[in-house]
Amino acid sequence: MSDAQPIETVHDLLTWTKNPFQRCHLPKQKRQQRKQQVIHCHDYKNGYQEDKRPQGGTKECYHFQYLAYIDIFIYFSHHRITVPPLNWIQTLHRNGVQCLGTIITEWLPGIPETLELIYGPAFDHDLPSTQRDFSPVYADILVDIALYYGFDGWFINIECPLPNAIDVIILTRFLKYFEQQIKARIPEGQLMWYDSVIDTGELKWRDHLCKSNKMMFDVCDSIFINYTWKEGFPFASKIEAQDRNYDVFTGIDVWGRNSFGGGGFNCPIALEEIQEHTSIAIFAPAWTYEYLGPKQFERHDAKLWVDASLQVEWPEPFEETPSTFPRTDKAIADYVAPRQLATTEFHTHFCRGYGKDFYWFGQKHETGQWMHLSRQSLCPLK
């Protein structure tokens, strides 16, 4: 099958199969550098919608035009191992944006999966923690997968408790090895940790970098901070991180679930609090498509990212949430500057990766709606 697919269990990594139709051979283009980074964490209907098809399709789906404003794109879902589809990797690399896949284990069913990830396929549950050490097996396979498909590393989200503090120590050894292998084998690759499990093994979202989650941060390239933080938390992360404060990504949930400022078009309220303290992680910005609908999607996405003056067309039936009714006259672009490619050459045909008809050299080639995200070229900033 040519469509992109997730891997449903850790054990299935042992028998993963290569899909040549989903390989990206386009390296990430160089960009102008900046200290504060921005993540677009793409959480949309558990992933693998129309974007899974390597040759595109005729159905409309979420797409993203403001790649100049982000640095890292995480393809997120609740499948165990989320491998990004070719369509996203290719258009991201063309625009100089890093692409990460997702590893996630959740709640009680996630505990044995996490332990197998750390200790390997031969994990013995009866062996005391004091007699265990990590296995490199799954870390090596995950790097193999990223290399084969051409994306840039992994976002690891362990949202289940670990049995005890010894397991957390061994987890950090696993993470350190994993990060070193990514760095050795993937140019500019990275391993990102999520603010979840703490040093005791408990699942506790701390909402800022602190002593109880710093041991994971110390062995990874970055940390994605949970989005239920309060006033002053980004500054606290900055103090704890010291000279690594821009490796800390403070989360903002666009759906507004207990997120500072309320999410939605009010995300800039959170950006005002973050300021220059840390980097920024914007979770589920496809809210503009999934919640507000496709009819006025381009207008709504532009309002969120670049032009707060645009009017909103609310869906019917309308459900008021904390993220509705904008309370700010700012857009994300009022806090985040765009970045250009670091090149003396510039080429674009302004293709947005979709259209109502398909034209080739100015002539209509096909009639009807089409969607092919990997065809997206460099686009205007607004």
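A salt bridge is a side-chain nitrogen of Lys or Arg within 4 Å of a carboxyl oxygen of Asp or Glu. In this predicted model, the side chains of Arg80 and Glu113 meet in such a salt bridge, with 2.7 Å from N to O. The two residues belong to distant parts of the chain, for Arg80 sits in the loop between S2 and strand S3 (81-82), while Glu113 belongs to helix H2 (residues 110-119), and 33 residues separate them. Both Arg80 and Glu113 are buried.

## Salt bridges across the chain

The structure as a whole holds 18 salt bridges. Three of them, each of which links distant parts of the chain, are set out in the table below.

| Pair | N to O distance | Separation along the chain |
|---|---|---|
| Asp3 and Arg53 | 3.2 Å | 50 residues |
| Arg80 and Glu113 | 2.7 Å | 33 residues |
| Lys183 and Asp221 | 2.7 Å | 38 residues |

In the pair formed by Asp3 and Arg53, Asp3 lies in the segment before strand S1 (38-43), and Arg53 lies in the loop between S1 and strand S2 (72-76). The partners differ in their surroundings: Asp3 counts as buried because its relative accessibility is 15%, which is under the 20% limit, whereas Arg53, with a relative accessible area of 29%, is partly exposed.

The pair formed by Lys183 and Asp221 joins helix H4 (residues 165-185), which holds Lys183, to the loop between helix H5 (214-217) and strand S7 (222-225), where Asp221 is found. Here Lys183 is partly exposed, at a relative accessible area of 41%, and Asp221 is buried, at a relative accessible area of 14%. Beyond single pairs, there are also salt bridges that share partners, and these join Arg31, Arg34, Asp71 and Arg339 into one network.

## Two pockets

The largest pocket has a volume of about 580 Å³, and 25 residues line this pocket, of which His347, His349, Cys351, Arg375 and Ser377 lie nearest its centre. Strand S10 (residues 354-360) supplies the largest share of that lining, with six residues. When the lining of the largest pocket is sorted by class, 12 residues are nonpolar, seven are polar and six are charged.

The second largest pocket has a volume of about 400 Å³, and among the 20 residues that line the second largest pocket, those closest to its centre are Gln33, Gln37, Gln98, Glu188 and Gln190. The lining of the second largest pocket divides by class into three nonpolar, seven polar and 10 charged residues.

## An enclosed helix and a cavity

Helix H9 (residues 297-305) is largely enclosed by the rest of the structure, because seven of its nine residues are buried. The buried residues of H9 are Phe297, His300, Asp301, Ala302, Lys303, Leu304 and Trp305, and these pack against S1, helix H7 (267-274), strand S9 (279-283) and helix H8 (287-290).

Two of the buried residues of H9, Lys303 and Leu304, are also part of the lining of the largest cavity, together with Phe265, Ala308, Pro326, Thr328, Lys330 and Ala331. The structure has one cavity of 30 Å³ or more, and about 30 Å³ of space lies in the largest cavity. By class, the lining of the largest cavity is made up of five nonpolar, one polar and two charged residues.

## Cysteines without disulfides

The structure holds zero disulfides. Cys99 is in no disulfide, and the nearest cysteine sulfur, which belongs to Cys24, is 8.6 Å away. Cys99 is also buried, with a relative accessible area of 0%.

Why does the sulfur of Cys210 form no bond with the closest cysteine sulfur, in Cys220? The sulfur of Cys210 is 15 Å from that of Cys220, which is too far for a bond, because a disulfide needs cysteine sulfur atoms within 2.5 Å. Cys210 likewise counts as buried, at 11% relative accessibility.

Key: Residues are numbered from 1 along each chain as its sequence is written. This is a predicted model: local features need pLDDT of at least 70, side-chain atom pairs count only at pLDDT 80 or more; totals for chains, interfaces and linings use all residues. Side-chain values use heavy atoms; hydrogens and water are left out. Helices (H or I, at least four residues) and strands (E, at least two) are DSSP runs, numbered from the N terminus. Buried means under 20% relative accessible area, exposed over 50%, partly exposed in between (1.4 Å probe, protein chains only). On a 1 Å grid over the protein atoms alone, a cavity is a set of points where a 1.4 Å probe fits but cannot get out, and a pocket is an open set with protein on both sides within 12 Å along at least five of seven lines; lining residues have an atom within 4 Å of a point. Grid points are joined across faces, edges and corners, and a volume is the space filled by probe spheres set on the points. Ala, Val, Leu, Ile, Met, Phe, Trp, Tyr, Cys and Pro count as nonpolar, Asp, Glu, Lys and Arg as charged, and the others, Gly among them, as polar. Contact means heavy atoms within 4.5 Å.
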